[in-house]
Structures are given as structure tokens and as C-alpha cells.
Amino acid sequence: MSMSVAPGGTIGILGGGQLGRMLAMAAARLGLRAHIYSDEAGAPAFQVCDAHTHARYDDDAALAKFADACDAITFEFENIPERAVALLARHKPTHPGARALAPTQDRLLEKQLLRSLGLETAPFFDVSDPAEAFAELGGRGILKTRRFGYDGKGQAKVSSAEETRAALQSFKGAPSILEGFVDFAFEASVIGARGADGSFAAYDPPENVHEHHILRRSVVPGRLTPEQSEAAKAIARRVAEALDYVGVFCVELFVLESGALVVNEIAPRVHNSGHWTLDACLVSQFEQHIRAVAGWPLGSPARHSDAVMENLIGDEATDWQALAEKDGALHLYGKREARPGRKMGHITWIKARS
Ligand code: AMP
């Protein structure tokens with residue numbers, strides 16, 4: 001049974017970055033209030049919500065008080081401490097739930113789950129003995145920490161047993177997996193959504209270009225064929241059903257020259273490669289997530305326009321006057337300091353569907 005949150009109700013969001021900010025604005029469009037909880041003073045999402053809590057994610061009293069003030073709860077980042085998720089879920093409907101989050105927080109469990117669903121992944125080995133793991137892999141690889149990696153953090157390319165050992169040392173021995181290097185033609189992703197009633201919707205999958213491990217641009221339609229797009233959506237549906245997922249999520253894909261789709265990872269949240277949905281779809285990924293979490297029917301993921309989304313990273317948003325003159329849709333995240341690699345905003349160009 002699922003209860004829906006009526007307009008006027010409050011959606012609690014853990015995390016106060018740009019994703020929380022865009023979720024709060026989407027909630028407002030539906031007449032819902034957002035309460036943001038973040039451990040960061042002056043978090044970007046605090047600027048656009050009805051209420052906020054500034055506290056640590058292990059502050060049980062603050063979490064309980066926050067839960068009491070909300071009607072449903074969700075997250076904008078995946079590395080939420082398990083304890084916090086369990087505590088919140090005891091108070092209020094919380095999505096995605098602990099069962100869905102666990103395998104997405106650990107690269108080994110995640111890959112094992114994907115394989116059990118019959119999906120393709122890069123070859124992977126648990127690295128307790130780096131020399132042995134490298135020998136089994138037999139080629140170029142990427143060492144990745146099992147937990148807490150993002151935007152290339154906790155990752156190192158390796159091409160020998162010695163490099164594998166050194167990389168593991170640089171991770172201070174953190175449990176890691178060694179992945180085979182995938183020689184892909186290009187990268188893509190699919191943003192899916194599952195409602196509390198089990199309904200499913202997916203957006204047209206964009207092609208994604210990364211630079212220095214950070215998303216540079218998403219293009220839709222990209223080079224995926226219509227058949228590959230449908231296959232990507234089917235993969236998303238499979239993952240969502242296996243996790244009994246409620247909300248929006250992203251499946252990142254490598255597209256091989258052969259046409260095969262290899263799953264890189266699952267992000268249990270709204271995703272940077274779905275930002276174009278704000279301007280090119282009737283219902284954005286942010287509104288879709290709020291609808292799912294609030295127990296509303298999912299909206300249409302139909303795309304009315306073709307889109308190119310470019311991230312504004314580091315000092316790229318400093319000259320905001322020049323950006324404001326472009327004929328794209330400018331989104332700035334309200335961050336005071338432009339550190340290298342920090343996502344400061346994005347700009348989306350749209351044109352009528354081809
Ligand atoms: P991840 O943090 O796992 O999403 O990886 C970030 C980026 O690193 C990906 O989007 C790819 O561009 C690259 N990458 C990650 N894993 C692999 C792999 N096994 N083979 C080739 N490139 C990879």
C-alpha cells in the first residue's frame with residue numbers, strides 16, 4: 001500500500017547540492033514543499049526550499065526531528081550512511097529504500113547483481129591479492145574502490161601487477177575491484193523512473209562525453225540506434241524491478257563497436273546526464289522523482305525537443321554575462337566558490353525534434 005503526499009505536503013531531501021536544489025524547485029512546481037537536510041553550511045539547495053536543517057548525517061536527534069517535519073523522504077546522493085536511511089525509514093516513507101541503495105553503494109555487489117540479471121559488465125575481480133587479480137585480468141584495467149567513488153575519485157588505470165599494487169596502496173588498502181578496461185565506441189546512459197505502484201517510465205537515452213572523468217556534455221538523440229535505445233530502457237526496467245526501486249535512477253552504459261551495451265554503473269538518484277529533461281521534456285527527471293517519492297502517478301517522459309546539455313565546470317560560469325547572452329537555457333547552481341572540477345551550472349540548447 002502506498003499513501004500519496006497531497007499538495008501542501010513536505011518532501012524531505014537529504015543532500016543540499018545542485019540535485020537537491022533542482023528537486024526542491026520541481027517539488028514547488030507541484031505545490032509541494034521541500035525540506036533540505038545537509039551537513040554543508042550554505043548548501044545551494046537551502047536557497048530554494050521551504051525549510052532546511054543543517055546537521056551531520058549521523059545526528060540521530062536531528063534526523064528524527066527532520067523526519068517528523070516531512071511526509072516523505074528521499075536523497076540526492078547515494079552514499080547516505082545506512083544507519084541514517086534505516087532511522088528515517090522508521091519514521092516516514094523513504095525512497096529509494098535501504099534494499100535498493102545497498103548494492104549501488106558497493107561496486108562489487110553492484111556488478112554481481114547486474115551479472116545475476118544477465119546484463120553485461122566489464123570483467124571484474126575482487127582485489128585481495130593485487131598480483132593475482134592482475135594476472136587473472138590479463139590486460140589493461142582500472143582499479144576502483146568498492147565504496148565512495150564518484151567523478152573518477154577512487155580510480156586508477158593500471159597496466160601491470162606492480163601498478164595495481166601501488167594503486168591499492170594509494171587507496172590505503174580500501175577494499176577495491178579490478179575492472180577490465182572497456183574499449184567502448186561511446187558512452188550513454190538511461191534515466192528510468194519507477195512509481196510506488198510499480199509503473200515504469202524511461203527517458204530517451206543520451207550519448208555522454210566525459211573529460212577528466214567528469215561529464216562534459218549529454219546529447220539526445222546521440223549515436224544510439226532506436227533498437228539500442230529500446231534495449232537501454234529495457235535494461236533500466238530490469239534493474240528497477242530487481243531492486244523494487246521507487247524513484248528516478250540512472251544506468252550508465254558503454255556502447256561497443258559491436259553494438260553491445262555494457263553496464264558501467266547504477267546511480268540511485270537523479271543524474272547529471274538527465275539535466276536536459278528540464279528543458280526538452282514535459283516532465284523533467286526532477287519532477288518525475290518527486291512524483292514517485294510522493295506516491296503520485298509518473299508523468300510523461302516524452303521528449304518534445306532534441307537537446308545538448310553542457311556542464312559549466314570550475315571557472316566556466318564566471319563570465320555569466322556572456323552565458324546569459326547565449327540562446328540556450330542557463331542554469332546556475334548558486335555556489336559561491338568556483339573550485340576546479342566543481343559543477344557550477346549547465347546550459348541546454350534545444351531544437352525541434354529531428
Ligand atoms: P565511473 O566512476 O565508474 O562512472 O567511471 C567514470 C568514467 O571512467 C566512465 O564514465 C568512463 O569514461 C571511465 N571508465 C570507468 N570504468 C571504465 C572501464 N572499465 N573501461 C573504460 N573506461 C572506464
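# Reading the terms against the values

Tutor: Let us start with Pro96, which is placed in the loop between helix 3 (82-91) and helix 4 (98-104). The model is a predicted one.

Student: What kind of peptide bond leads from His95 to Pro96, and what is its omega?

Tutor: The bond from His95 to Pro96 is cis, with omega near -5°. A cis peptide bond also joins Val220 and Pro221, where omega is about 0°. Pro221 is placed in the loop between strand 12 (214-220) and helix 8 (226-243).

Student: Why is Lys144 called buried?

Tutor: Lys144 has a relative accessibility of 4%. Buried means under 20% relative accessible area, so the value of 4% places Lys144 in that class. Lys144 is found in strand 6. Among the residues that Lys144 touches are Arg107, Phe171, Ile177 and Glu179.

Student: What makes the pair of Lys144 and Asn264 a polar contact?

Tutor: The side chains of Lys144 and Asn264 are joined at 3.5 Å. A polar contact is a pair of N or O atoms within 3.5 Å, and within protein one atom must be able to donate a hydrogen and the other to accept it. The value of 3.5 Å is within that limit, and therefore the pair counts as a polar contact.

Student: Which residues come nearest to the ligand?

Tutor: Of the 16 residues around the ligand, the nearest are Lys144, Gln155, Val182, Glu187 and Glu265.

Student: How do you know that Gln155 makes a polar contact with the ligand?

Tutor: An N or O atom in the side chain of Gln155 is 2.6 Å from an oxygen atom of the ligand. The cut-off is 3.5 Å for a pair of N or O atoms, so this pair qualifies. For Glu187, a side-chain N or O atom is likewise 2.6 Å from an oxygen atom of the ligand. For Glu265, a polar side-chain atom lies 2.7 Å from an oxygen atom of the ligand. The ligand on its own has 480 Å² of accessible area, and the protein covers 93% of it.

Student: Which classes of residue make up the shell around the ligand?

Tutor: The shell has 5 nonpolar, 5 polar and 6 charged residues. At least two residues of the shell come from each of strand 6 (141-145), strand 8 (176-180), strand 13 (247-255) and strand 14 (261-267).

Student: Why is the pair of Phe184 and Phe254 called stacked?

Tutor: By the ring rule, the count is 6 aromatic pairs. In one of them, Phe184 and Phe254 are 5.0 Å apart from centre to centre, with 0° between the planes. Rings pair if their centres lie within 6.5 Å, and planes under 30 degrees apart count as stacked. Both conditions are met, so the pair is stacked. Phe184 lies in the loop between strand 8 and strand 9, and Phe254 lies in strand 13, so the pair ties together parts that are 70 residues apart in sequence.

Student: Which of the two, Phe184 or Phe254, is buried, and which is partly exposed?

Tutor: Phe184 has 31% relative accessibility. Partly exposed covers values between the 20% and 50% limits, so Phe184 is partly exposed. Phe254 stands at 8%, under the 20% limit, and therefore counts as buried.

Student: What makes the pair of Tyr203 and Trp276 edge-to-face?

Tutor: The centres of Tyr203 and Trp276 are 6.4 Å apart, with 85° between the planes. The distance is within 6.5 Å and the angle is over 60 degrees, so the pair is edge-to-face. Tyr203 is buried at a relative accessible area of 1%, and Trp276 is buried at 0%.

Student: Why is His212 called exposed, and Asp244 partly exposed?

Tutor: His212 has a relative accessible area of 74%. Exposed means over 50%, so His212 belongs to that class. Asp244 has 44%, which lies between the limits of 20% and 50%, and so Asp244 is partly exposed. His212 is found in the loop between strand 11 and strand 12, whereas Asp244 lies in the loop between helix 8 and strand 13. His212 has a positive phi of about 50° although it is not a glycine, and Asp244, not a glycine either, has a positive phi of about 50°.

Key: Residues are numbered from 1 along each chain as its sequence is written. This is a predicted model: local features need pLDDT of at least 70, side-chain atom pairs count only at pLDDT 80 or more; totals for chains, interfaces and linings use all residues. Side-chain values use heavy atoms; hydrogens and water are left out. A residue is near a molecule or strand if one of its heavy atoms lies within 4 Å of it. Accessible areas come from the Shrake-Rupley method with a 1.4 Å probe; for residues, only the protein chains shown count as cover. Helices (H or I, at least four residues) and strands (E, at least two) are DSSP runs, numbered from the N terminus. Ala, Val, Leu, Ile, Met, Phe, Trp, Tyr, Cys and Pro count as nonpolar, Asp, Glu, Lys and Arg as charged, and the others, Gly among them, as polar. Buried means under 20% relative accessible area, exposed over 50%, partly exposed in between (1.4 Å probe, protein chains only). Contact means heavy atoms within 4.5 Å. Lists of a residue's contacts leave out its neighbours within four places in sequence.
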